[in-house]
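Biologist: Can you take me through this model? I would like to start with one strand and work outwards.

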Amino acid sequence: MTSTASPDSQFRTAVVPAAGLGTRFLPATKTVPKELLPVVDTPGIELIAEEATEAGAGRLAIVTSERKVGVMAHFADDPVLEGTLEDRGKDILLHKVRRAPGLIEVVDVRQDEPLGLGHAVAQVESVLDADEQAVAVLLPDDLVLPFGILRRMSAVRAERGGSVLCAFEVSPEEVSSYGVFKVEDTDDPAVKKVLGMVEKPAAEDAPSNLAAAGRYVLDRAIFDALRRITPG
């Protein structure tokens, strides 16, 4: 199926890696995927789908594993539940239940082994249309509010090409918890050119205070790069 998207978006497919074990949230994630843990009353994966839709994506490719099939079930219709809510006049709950399946086209991409983020993203190439030149990647661990950063990143790619990564400023005490970019300035104070990245550096070794957030607009050339490295 050919995906559709907003005409001003640089990507049609948004990728959500969701095959991980969710170890940081154990024991809650022993039976419930972390992507389904609620933010107030809405599962995190639904907020991610909403963000992708708002940014112009027409398809959400969720990378899952055998034990994470419940993530896809959240986007499926449930006629029995919906009928029961309708019969009982619970219109607000009915609207909430029907919301996720109507947000965006969702496809399931399997990652049979947990071989890292790059390997997860690589699995999505098989579902892309031939003319898709970029994909968005949204890490479900990170909620970026208010929505809008992916549209801004899409505009930067339209102007400058290549891949666009989201960064945010952190304090020296926090840099050791993040991947930190080495950058140089451009003619736009809000846009930096990435020269490299250091994973979880000590404060004295950090090349900047700009840490990677879980939002990426990746040129399709990323798949060629991933084929040249060993998953792990």
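Modeller: Start with β4, which is mostly covered: 6 of its 6 residues are buried. Buried means under 20% relative accessible area, exposed over 50% and partly exposed in between, with a 1.4 Å probe and protein chains only. Strands (E, at least two residues) and helices (H or I, at least four) are DSSP runs numbered from the N terminus.

Biologist: Which way do the residues of β4 point?

Modeller: Arg59, Ala61 and Val63 point one way, Leu60, Ile62 and Thr64 the other way, and all are buried. In a regular strand, side chains alternate between the two faces of the sheet.

Biologist: Where did this come from, and what are the ground rules?

Modeller: This is a predicted model, in which local features need pLDDT of at least 70, side-chain atom pairs count only at pLDDT 80 or more, and totals for chains, interfaces and linings use all residues. Residues are numbered from 1 along each chain as its sequence is written, and side-chain values use heavy atoms, with hydrogens and water left out.

Biologist: What is the mean pLDDT of the chain?

Modeller: The mean is 89, and 95% of the residues reach 70 or more. pLDDT is the predictor's confidence in each residue, from 0 to 100. Among the elements, strand β2 (residues 38-39) has the lowest mean, 78, and strand β6 (residues 134-138) the highest, 96.

Biologist: Back to β4. How many bridges join it to β5?

Modeller: 6 bridges join β4 to β5 (residues 105-110), and the two run parallel. Thr64 stands opposite Arg110 in β5. β1 and β4 also pair in the parallel sense, over 5 bridges, and Pro17 has Val63 of β4 as its bridge partner. Two strands pair if DSSP finds at least two bridges between them.

Biologist: And what does Leu60 touch?

Modeller: Apart from neighbours within four places in sequence, Leu60 is in contact with Ala14, Val16, Ala49, Ala52, Phe75, Ile104, Glu105, Val106 and Val107. Contact means heavy atoms within 4.5 Å.

Biologist: Which residues touch the most other members of the largest nonpolar core?

Modeller: Leu60, Ile62 and Leu150 do, in a core of 30 residues. α1 (44-54) is one of the elements that give two or more residues to this core, and α1 gives the most, 4 residues. A second, separate core of 16 residues includes Val109, Val121, Val135 and Leu139. A nonpolar core is a set of buried Ala, Val, Leu, Ile, Met, Phe, Trp, Tyr and Cys residues joined through side-chain atoms within 4.5 Å.

Biologist: Is Glu35 buried or exposed?

Modeller: Glu35 is buried, because its relative accessible area is 3%. Glu35 lies in the loop between β1 and β2. Leaving out residues up to four places away in sequence, Glu35 touches Pro17, Ala18, Pro43, Gly44, Ile45, Lys68, Val71 and Pro140.

Biologist: Different topic: how many aromatic pairs?

Modeller: The count is 1 aromatic pair. Phe168 and Tyr178 are edge-to-face, 5.3 Å centre to centre with 90 degrees between the planes. Rings of Phe, Tyr and Trp (its six-membered ring) pair if their centres lie within 6.5 Å; planes under 30 degrees apart count as stacked, over 60 as edge-to-face and the rest as tilted. Phe168 is partly exposed at 32% relative accessibility, and Tyr178 is partly exposed at 27%.

Biologist: How many helices and strands are there in the chain?

Modeller: The chain has 7 helices and 10 strands. Of its 232 residues, 40% count as buried.
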